[in-house]
Amino acid sequence: MTSSSTPDTSKAPQRRYTADLWLLVGSGLDGRWVTGELVDAFTRAFGQRCAVVRTSDLLLGVRDGRLTLRDLDGRPVATPRVVYARLISTSLSTDREITLLRQLAAMGTVLVNPIDGVLGCANKFWQLQQLVAAGLPVPDTHTYVDAPLGEVLRAGVPEPCIVKSVRGSHGDQVFLAPSGALLGEIHGSLRTEAPYLFQRYVAHSHGRDLRVVVVDGRAVAAEVRCAVDGGVRANLALGGSATLCLGLHPAGEALAVRAAAAMGLAVAGVDLLFEADGGFTVCEVNANVAWREHMSKQVTPAVVAACAMRLGAAA
């Protein structure tokens, strides 16, 4: 990929279901830059052995005691040996995308990112549960099940605290609240489709974080991301800046590798917060990691190699 424009994925191989490797693309990801980057890279590396398949192309079933896949014309679909799935975590559904991954795995397909790892990243508090069980540092955090939000706040939250939805992404529904009293005044305006996390504010990391991309137990790319407006959110999707820094924060990279392993992910984007003592705390782990062009020379070949290794093992 040499152009900064979004690649045209309309010419990518579609509905060719005899391939050994699928790039499985979820709803809403067709036009993304990373999708086009991977289509180009997979085509160069694997040729006719790979195909781009959309989740919307497939029908699942059971027939004569066997699991089946069909296309929208009702034709049988042969399962691939390996699947690298790109699925939006915030809209991930156990009734939809996870059901498809379960079908593929049960039919013998190797998933680059296993189901439990993908599912564990769909909820930010599930992540914390797994990271804490692995003994990794995370910010002190409060959440709830179905208690009224006003009562949750009256029970006490960290002050100040970072407020975020358990199903948010790209910095959406994330903000810094200076006090519980202020939250009490505005909580009626918060969307309540999913619970919120109330998390210790790591002041030393205000407006910046360390993003590490991990592939098969190795940190292959890293960048320090900084907010450009003095805000708390350093997401590039919100206009933040990024500086490549692989090798400059070895302790952070080692922690990111451990976090990816704790979540059971082969390909992960791990976001770390800078602590005042020079250490790091895990902010979150992303199964559907995205990257920009400045990272493509490191990340894309690593993802291709991960798929190639699994293809060889599955041969």
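**Notebook: a salt-bridge network and its surroundings**

I first looked up a group of charged residues: Asp209, Arg211, Arg225 and Asp271 are linked in a network of salt bridges. I note that the model is a predicted one.

**Entry 1: the pair Asp209 and Arg225.** I found that the side chains of these two residues meet in a salt bridge, with N to O at 2.8 Å. Asp209 belongs to strand S11 and Arg225 to strand S12 (residues 218-226), so the pair ties together parts 16 residues apart in sequence. I then asked whether Asp209 is buried or exposed. Its relative accessibility is 8%, so Asp209 counts as buried. Arg225 has 6% relative accessibility and is likewise counted as buried.

**Entry 2: strand S14.** I turned next to the strand that holds Asp271. Strand S14 covers residues 267-274, and 8 of its 8 residues are buried. One side carries Val267, Gly269, Asp271 and Leu273, the other Ala268, Val270, Leu272 and Phe274, and both faces are covered.

Which strands pair with S14? Strand S11 (residues 208-215) is joined to S14 by 6 bridges, and the two run antiparallel. Within S14, Asp271 stands opposite Arg211. Strand S15 (residues 280-286) is also antiparallel to S14, again with 6 bridges. I recorded Asn286 in S15 as the bridge partner of Gly269. S14 and S15 make a hairpin with 5 residues between them, and Gly278 in the turn has a positive phi of about 95°.

**Entry 3: the loop after S14.** I looked up Glu275 and found a salt bridge between its side chain and that of Arg200 (2.7 Å, N to O). The pair links distant parts of the chain, 75 residues apart: Arg200 is in strand S10 (residues 196-200), Glu275 in the loop between S14 and S15. Glu275 is buried, at 16% relative accessible area, whereas Arg200 is partly exposed at 28%.

**Entry 4: other salt bridges.** I noted a count of 11 salt bridges. One of them joins Arg75 and Asp71, whose closest N and O atoms are 2.7 Å apart. Asp71 is buried at 2% relative accessibility, while Arg75 is partly exposed at 46%.

**Entry 5: helix H2.** I last examined helix H2 (residues 97-106), where Glu97, Ile98, Leu100, Leu101, Gln103 and Leu104 are buried. What do the buried residues of H2 pack against? I listed their partners, among them strand S1 (21-25), strand S4 (66-71) and helix H3 (115-120). After H2 comes Gly108, with a positive phi near 105°.

Terms used
Residues numbered from 1 in each chain as written. Predicted model: local features only at pLDDT ≥ 70, side-chain atom pairs only at ≥ 80, totals over all residues. Heavy atoms only, no water. Buried < 20%, exposed > 50% of the residue type's maximum accessible area, 1.4 Å probe, protein only. Helix = DSSP H or I, 4+ residues; strand = E, 2+ residues; numbered from the N terminus. Pairing = 2+ DSSP bridges. Contact = heavy atoms within 4.5 Å. Salt bridge = Lys/Arg side-chain N within 4 Å of Asp/Glu carboxyl O.
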